[in-house]
Amino acid sequence: MQIYWTKINKIIEETSEVKTYLLDCPEGFTWEEGSHTHFALEGFNAGETPNRSLIRHMSISTLPYENSIGITTRIREQCSEFKAILRCLEVGDEVAIFKTHSNVPLKRENKNVYLLSSGVGLATFRPLVLDYFERPDNVNQIHSLNIDSSKEFLFTTIFEPAPDKKFTSQYVDNRKDYYEEVKNLATDKDGLFYIVGSDEFLVQNIEVLCEQGIKKEQIMLDKHEHKLPEFLSI
C-alpha cells in the first residue's frame, strides 16, 4: 500500500461549519469522479499498528484538472479528536492519503441521473457534476436533490440550475419535503439514483425508492462492493 504524504495548500471556509482542505497533488497520484480516499493526520502510523482515530474515509470533492485534491468536511464545535486536530491545521501542514477508489463514477447509459444527498454529502457529487459539464456524452440530464437544515447550502455556484446543460438542482430543509421529492423523482422508472449520506439516510432512501418500484440495479451507493448487500437487500 502506497501512502502519499502531501501538504495543505489552501483552506476554504465553505460555510460556518464546513471547510474544504485543498492538498498538493503528489507525483503519480490519480483519481476519478466519485472517488474517496483514506485521509490521515500526522502520527497515524507512528506506532506498531495504525492509530485509527487519526484516519477518516473521505470523499474527494475536486477533479484532477483542478490541480488540487479537495477534502470537504463539516467540523462542529463539539467534534471528534480527528476533527479537532484537523480544525487547527494550517496551510503548509502535512497530511497523508492512501487507498483511493471510486464507488460512484458517473454512469453513461443514456439515462436520467438523480443525485440524492444530505448536507456535506454534496461534496461527493461535485466532481460528478463537473465531469458531466465537461463531457455530457450519454447522460440525458442530471438532477440534484439535497437536504440541509442549516440552510447554508454548499457549492451554490456549481449546484445552480443550468437548463442549457440539462442540469437542475434543488435544496430542501426538512425530511418530509425531501422524501416527497424523492417519490416524485422515482416516477422515472428508468433513472439512475445515486445516494450519499449517513447509513441511516441510505437505508431510508433505498426503502422509499424500492417502494416506488425502483430496482436495486438502479441505485448507486458510495460503499465498497462487499458492503452493498447490507443496504440493497432491504
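**Reading strands, rings and cysteines**

Analyst: Let's start with one spot: Trp5 stands opposite Ala96, a residue of S6. Keep in mind that this is a predicted model.

User: Okay, how many bridges join S1 to S6, and do the strands run parallel or antiparallel?

Analyst: Strand S1 covers residues 4–13 and strand S6 covers residues 94–102; the two run antiparallel and are joined by 4 bridges. Thr6 has its bridge partner in S6 too, namely Val95.

User: And over how many bridges do S1 and S2 pair?

Analyst: Over 5 bridges, again in the antiparallel sense. One of the residues to look at is Glu13, whose bridge partner in S2 is Lys19. To get from S1 to S2, follow the hairpin, which joins them through 4 residues.

User: Let's zoom out, then. What is the order of the strands in the open sheet?

Analyst: Read across the sheet, not along the sequence. The 6 strands of this open sheet come in the order S4-S3-S6-S1-S2-S5, with antiparallel pairing. At the edges you find strand S4 (55–59) and strand S5 (69–74), each of which pairs on one side only. Going from one strand to the next, the twist averages 40°.

User: Which strands does H1 touch where it packs on the sheet?

Analyst: H1 touches strand S2 (18–23), S3, S4 and S5. As for its orientation, the direction of H1 makes about 80° with that of S3.

User: Let's turn to the rings. How do I read an aromatic pair?

Analyst: Two values do the describing: the distance of the ring centres and the angle of the planes. In this model the count comes to 12 aromatic pairs. Take Phe39 and Phe82: they sit 6.1 Å centre to centre with 75° between the planes, an edge-to-face pair.

User: Where along the chain do Phe39 and Phe82 lie?

Analyst: Phe39 belongs to strand S3 (residues 35–41) and Phe82 to helix H1 (residues 81–88), so the pair links distant parts of the chain, 43 residues apart.

User: Are Phe39 and Phe82 buried or exposed?

Analyst: Phe39 is buried because its relative accessible area is 0%. Phe82 counts as buried as well, at 0% relative accessibility.

User: What about Tyr178 and Tyr179, what kind of pair do they form?

Analyst: Edge-to-face: the Tyr178 and Tyr179 rings are 4.9 Å apart, centre to centre, with 85° between the planes. Both Tyr178 and Tyr179 are buried.

User: Which residues form one aromatic cluster?

Analyst: That cluster is made of Tyr132, Phe133, Phe159 and Phe167. Phe133 also has a charge over its ring: the charged end of Lys165 sits there, 4.4 Å from the centre. Elsewhere, Arg126 lies over the face of Phe155, 5.7 Å from the ring centre.

User: Last topic, cysteines. How many disulfides does the count give?

Analyst: The general idea is that a disulfide is a covalent bond between the sulfur atoms of two cysteines. Here the count comes to 0 disulfides.

User: Why is there no bond for Cys88?

Analyst: Because its sulfur is too far away: the closest cysteine sulfur, in Cys79, is 8.7 Å from that of Cys88. A disulfide would need the sulfur atoms within 2.5 Å.

User: Is Cys88 buried or exposed, and what is the state of Cys25?

Analyst: With a relative accessible area of 58%, Cys88 is exposed. Cys25 is partly exposed, with a relative accessible area of 34%.

Conventions:
Residues numbered from 1 in each chain as written. Predicted model: local features only at pLDDT ≥ 70, side-chain atom pairs only at ≥ 80, totals over all residues. Heavy atoms only, no water. Phe/Tyr/Trp six-rings, centres within 6.5 Å; stacked < 30°, edge-to-face > 60°. Buried < 20%, exposed > 50% of the residue type's maximum accessible area, 1.4 Å probe, protein only. Lys NZ or Arg CZ within 6 Å of the ring centre and 35° of its normal. Pairing = 2+ DSSP bridges. Axes fitted to C-alpha atoms, helices over the stretch in contact; angles between N-to-C directions. Contact = heavy atoms within 4.5 Å.
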